[in-house]
Amino acid sequence: MIQPSICKTDTRMTKAVTPQERLAITLRYLATGETQTSLSYQFRVSQNLISLIIPETCSAIYETLQPIYMRMPRSQEEWRKVSQDFHSLWNYPLCLGALDGKRVLLQKPAHSGSHYYDYKGNFSTIIMALVDADYKFLYADVGTNGRASDGGVWNKCKLKEDIEYEEIGIPPPANLPNYDIQVPYVIVGDDAFPLQKYLMNPYPGNDQSNEKHIHKYRLSRARRVSENAFGILSSRFQVFNKPIRTCPERANMVIQACLVLHNMLRTESRQDYSPPELLDQEDIQRRRMVVGQWHDHQHNALGDLQVIARRPKRDAMQVRDLFCTYFNNEGSVPWQNEMALLH
């Protein structure tokens, strides 16, 4: 599929590296995180050439596979299918995805000053991603410099603009199941994101009523898909084990290739790529949490976003209260009181 984009012509002096070798070098780098010097000994290709092969092949992988495996819904019917999956699998109705952001550590870019310097004292670039109910990425914004505040990252995100200007076909508000009150379709996130009418996060603080604990559990149950998606990504693509040693532009190509390959493997080779034991899961029968094996893998180059307190708008608080009331009444599930204690 990517051969036309990476095929080179032999010259009188040298024989070109074949597309198969270029792909093998790139996949080896993404899967193991090996240095380019190590790869040059394995494949008998100069380190300078490998430094060109990897970003070029990553770009070809993303450009070819993204329209097939990482296409964001654009119609009301497609969004409703996403929402139905969240309702049937995670008991969260009218949910269009789980939003999460990660900082990817980089080696210090040359002549960048403090442009990529983040609040933890590292140099990083940021991924902002929307994940569906099947641990696949629906949307990813890659490349915001680590110096930006986390609220600033979301405010500049194209997804936020598309939602607020109704440019991606999100359905109009609808009734919650068995509940005669309309609420907007929403995405779920943690408290690193501001509460909006279309973006739900947990109630702040720890000293909360039982009803608010139930809401936090139900939201966390839906949001866990994004944590698992990034957990699978970091455990299978060892390039995230340590800071990526290349310039930010090429690092963004590496990240985008990993995201789209993740979706492809979840679609075409699910059992081998991400078996159930790799994921965080709930054992509903025994009322316990089962920690996934992805926690056993190093992911030193992926960090969480900073939590910043914000004052939400009244209409957003009203939507969250409606979901809270629903989860504690018509929308309750038999195990939620016991499982909420684990959160």
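Which residues does W154 touch, once those up to four places away in sequence are not counted? Let me answer that straight away, friends: W154 touches L99, M128, L159, K160, I187, F193, P194, Y198 and L199, where contact means heavy atoms within 4.5 Å.

A word on what we are looking at. This is a predicted model, in which local features need pLDDT of at least 70 and side-chain atom pairs count only at pLDDT 80 or more, while totals for chains, interfaces and linings use all residues. Residues are numbered from 1 along each chain as its sequence is written, and side-chain values use heavy atoms, with hydrogens and water left out.

Back to W154. Along with Y92 and L159, W154 touches the most other members of the largest nonpolar core, which has 103 residues. Such a core is a set of buried Ala, Val, Leu, Ile, Met, Phe, Trp, Tyr and Cys residues joined through side-chain atoms within 4.5 Å. Buried means under 20% relative accessible area, exposed over 50%, and partly exposed in between, with a 1.4 Å probe and protein chains only.

Now the pockets. A pocket here is an open set of points on a 1 Å grid over the protein atoms alone, where a 1.4 Å probe fits, with protein on both sides within 12 Å along at least five of seven lines; lining residues have an atom within 4 Å of a point. The largest pocket has a volume of about 980 Å³, volume being the space filled by probe spheres set on the points. Its lining has 47 residues, and P194, L195, Q196, K197 and Y198 lie nearest the centre. You will recognise P194 and Y198 from the contacts of W154. Elements giving two or more residues to this lining include β1 (95-105), α7 (158-164) and α8 (210-236); helices (H or I, at least four residues) and strands (E, at least two) are DSSP runs, numbered from the N terminus.

The second largest pocket holds about 360 Å³. Of its 19 lining residues, Y69, R71, D132, K136 and L138 are the closest to the centre. Helix α5 gives the most to that lining, with 4 residues.

L138 is a nice place to stop. It lies in strand β3 and is buried, at a relative accessible area of 9%. Beyond its sequence neighbours up to four places away, L138 touches ten-odd friends we can click through, among them M70, R71, W79, L96 and D132. Turning to W79, this residue lies in helix α5 and counts as buried, at 2% relative accessibility. Leaving aside neighbours within four places in sequence, W79 is in contact with residues including P73, L96, L130, L138 and I170.

On to helix α3 (residues 36-43), whose buried residues are Q36, L39 and S40. Why do they line one face of the helix? Seen down the axis of α3, they fall within an arc of 105°, so they line one face; the arc is that of the directions from the helix axis to the C-beta atoms. Their cover includes α2 (19-32) and α4.

Finally, the backbone. Most residues other than glycine have a negative phi. E166, in the loop between α7 and β4 (174-175), has a positive phi near 55°, and E166 is exposed, with a relative accessible area of 73%. N178 has a positive phi too, near 60°; N178 sits in the loop between β4 and β5 (182-183) and is exposed at 70%.
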